[in-house]
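Ready to practise reading a protein model? Grab the viewer and work through the exercises below at your own pace.

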Amino acid sequence: MNWKITIIFLSLFRCIDIYSQVTHDMQCFIKELEGFSTSVYKDCPHLAVGYWHHLRFSPLPWLKNLQQGDTLSVQTCEILFEWDMNTLVFPGLIKVYKEIGLSYPSNVYDVMGSLIYNLGLNGLRNSRFYQLFCIGRYEESFTELLLLKSRSRGLWNRRQLELRRLLQHYNSSLNKYE
């Protein structure tokens, strides 16, 4: 019985170690991709502020009354970003961990978190990119990533940066991550 507890304990610490590394790097990566505005702007068809925080999903009812051009403080925008991370991205990443495992380098989870932030968990899970990635067909999944909802120039650039990050630590001759 002790060996089972030890394995569970080690797995938990491995998860915490990966999680803490991913959280910081991933948040920086997402912020870099999203851009930042303290002014409320239109993000078809909804209003957003900060790091692409959609006002219709806001935890505070008064935020839903803001109009395009209204301004929030930097501190408020940072709090909204943390709220998005804690309610959208981190719970989604836990589900991704369960589906793809903990054996990948942190850059893979950074990209998965970025995609959750941009597409939502269901958008990621339903994508051909994710389905191919989960079964180890990485080369095909990389192509699908570039095609993933990249209709605008901004999203095309974002997908290229996500792909560049996803390719870190990938050995194409062995078709595996190291």
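Here are some short exercises on this predicted model, each with a worked solution.

**Exercise 1.** Find how many helices and strands the protein chain has, and the pattern they follow along the sequence.

*Solution.* Start by counting: the protein chain has 7 helices and 5 strands. Next, walk along the sequence and note each element as you meet it; you get α-β-β-β-α-α-α-α-α-α-β-β.

**Exercise 2.** Work out where Trp52 sits and what is unusual about its phi.

*Solution.* First, place the residue: Trp52 lies in the loop between β2 (46–50) and β3 (53–54). Then check the backbone: phi of Trp52 is positive, about 65°, although Trp52 is not a glycine. Why call that unusual? Because most residues other than glycine have a negative phi.

**Exercise 3.** Locate His169, give its phi, and decide whether it is buried, partly exposed or exposed.

*Solution.* Look in the loop between α7 (153–166) and β4 (170–171), and there is His169. Its phi is positive too, near 70°, and His169 is not a glycine either. Now for exposure: partly exposed covers the range between under 20% (buried) and over 50% (exposed). His169 has 48% relative accessibility, so it counts as partly exposed.

**Exercise 4.** Describe burial, surface and contacts for the protein chain.

*Solution.* Take burial to begin with: 42% of the 178 residues count as buried. Turn to the accessible surface, which comes to about 10,000 Å², with 57% of it belonging to carbon and sulfur atoms. Finish with contacts between residues at least 6 apart in sequence: 59% of these join residues at least 24 apart.

Terms used: Residues numbered from 1 in each chain as written. Predicted model: local features only at pLDDT ≥ 70, side-chain atom pairs only at ≥ 80, totals over all residues. Heavy atoms only, no water. Helix = DSSP H or I, 4+ residues; strand = E, 2+ residues; numbered from the N terminus. Buried < 20%, exposed > 50% of the residue type's maximum accessible area, 1.4 Å probe, protein only. Contact = heavy atoms within 4.5 Å. Areas by Shrake-Rupley, 256 points an atom, 1.4 Å probe, with all protein chains shown as cover.
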